[in-house]
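Trainee: I should like to request a close look at a single part of this model. Please describe its surroundings in one connected account.

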Amino acid sequence: MNRDELSFFRFVAIPSRRELKLKWHLLAFSLAIQEINHNPRLLFNNITLGYTIYENTLHPRVTYNALLDLLPSAQETIPNYQCGRQNHLLAVLEGSESDISIDTSVLLSTYKVPQLHPFLRHYQFHNVSMGGKDLGENGDLEANLDIVNMIILHNLSVLSVKMLPDSRCTKRCLRGHVKVILEGKPVCCYNCSLCGEGTISTQEDADHCTKCPEDQHPNLDHTQCIPKDITFLSYEETLGIILIVLVLFLSIVTLLILGIFIKYTDTPIVKANNRDLTYMLLISLLLSFLSSFLFIGQPRRVTCLLRQTAFSTIFTVAVSSVLAKTITVVVAFMATRPGNKMRKWLGKSLANSIVILCSTVQIGLCLIWLGISPPFPEFDMYSRHAQIIWQCNEGSVAIFYGSLGYMGFLAAVSFTVAFLARKLPGAFNEAKLITFSMLVFCSVWVSFVPTYLSTKGKYMVAVQVFSILASSAGLLGCIFIPKCYIIVVRPDLNIKDHLMMKSQDGI
């Protein structure tokens, strides 16, 4: 061989593309060989890479003839016979179609091509990134090699880019997922798991997920954090509009009933049941309906302070008025008996004392509430995944439920007294109406507690507003609608003689 050079690395390039693409492929191949041969750190001892290019015209017979010419290293295609040229074949690079490639691989595997030629055993070579490396007894490399991508630029200059092998036994984890290492498996073998609630990952093959800020939450793919929606029971949404319509309707009905009673204030049916208590009850029911507006809209410091305390006080006045009317009915019936000393308790003083006493207890409880642990607005960022709940923190939960419990106690007493007095004579039949009204009232608030505790955010507020409206409407309908029917539709029954006649019949 000339210049004692040994051409030991030969390639067969059997391209699968034509014309211009083939030209660039061959040029890149040639430049890569030149780059290797001109780098003294890669090859030494007068070793030079050589190559032979065959054109197979995409024909199987031509391909096989080229391989037979290549493998025995002879001038003629005589299998398993070597003479003439002393070239050493190390690898074959082919680009044929799939059928030809399969047959080519079968033929080359017989000659163990590609392989590292035995004459390289015990030799040392160099690469770009490290010093000299030895080959083992069987010609195996006892260290790693660099993979370099040769990029040909438009000016025909060559750019070398070092590449890292993609060694893995699973697909890459997409963004929004995190790697889960499998126990007993190599580190390159892992599962991919979607990031947990409140966390994201913004890159592939993430080792861990990143937690979103408190005011943000992950999107559906867990690839980015987006701001949470601030939610409260607003006037603009459907639920808020429905409640407002109910409040206005019931308030108008209450005003109409109050107007009817004022207009017919001197009629027997109005005078028979303590007009002052009737007006007090109607006004307290009207205020109870209107107090619902404190629960709708953005929670502010003032509304948070007033909503529960105002509702509790107004409702206590309404329930204590019903209790006073019930006790008045019982006392009035007992006073009609000869020689009964209950007559001295008749009059406005008894009814007013009951209302004032019961309301004072609730007012004192609310003042303690405001003094010890008053309600305040807050942002609940954790109850809902994608929402920030703007709500009123009730402060002392014990006093809140204590206030509700006190109203329930008054309602239970009113129901009990009215139930026992339901069989009084017809002139005092308001006890029957109070019995039904208190039954509705107690049913609403008994069902309120578990429903209230099982909801969050604006739906919790809506439950309380609905309970206020339903219980107040129960009192209004059961006590006053029958009376309005007699006053407006059956005025012939709204006479003193009719009431006295029913009273005597009952006695």
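Mentor: In this predicted model, N219 counts as buried because its relative accessibility is 17%, and the limit for that class is under 20%. The residue is placed in the loop that lies between β11 (216-218) and β12 (225-227). From there, the side chain of N219 reaches the backbone nitrogen of H222 at a distance of 2.8 Å. When neighbours within four places in sequence are left aside, N219 is in contact with Q224 and I226.

A second site concerns aromatic rings, of which the structure holds 14 pairs. In one of these, the ring centres of F400 and Y452 are 5.8 Å apart and the planes stand at 35°, so the pair is classed as tilted. F400 belongs to helix α9 (residues 397-420) and Y452 to helix α10 (residues 430-453), so this pair ties together parts that are 52 residues apart in sequence. F400 is buried, with a relative accessible area of 3%, and Y452 also counts as buried, at 7% relative accessibility. Both residues belong to one aromatic cluster, formed by F311, F315, W369, F400, Y401, F441, W445, F448 and Y452.

An aromatic ring is also involved in a further arrangement: K179 lies over the face of Y190, at 5.0 Å from the ring centre.

To return to the residue at the start, N219 combines a buried position with a side-chain approach to the backbone nitrogen of H222 and contacts to Q224 and I226.

Conventions:
Residues numbered from 1 in each chain as written. Predicted model: local features only at pLDDT ≥ 70, side-chain atom pairs only at ≥ 80, totals over all residues. Heavy atoms only, no water. Helix = DSSP H or I, 4+ residues; strand = E, 2+ residues; numbered from the N terminus. Buried < 20%, exposed > 50% of the residue type's maximum accessible area, 1.4 Å probe, protein only. Polar contact = N/O pair within 3.5 Å; in protein donor to acceptor, adjacent residues only side chain to side chain. Contact = heavy atoms within 4.5 Å. Phe/Tyr/Trp six-rings, centres within 6.5 Å; stacked < 30°, edge-to-face > 60°. Lys NZ or Arg CZ within 6 Å of the ring centre and 35° of its normal.
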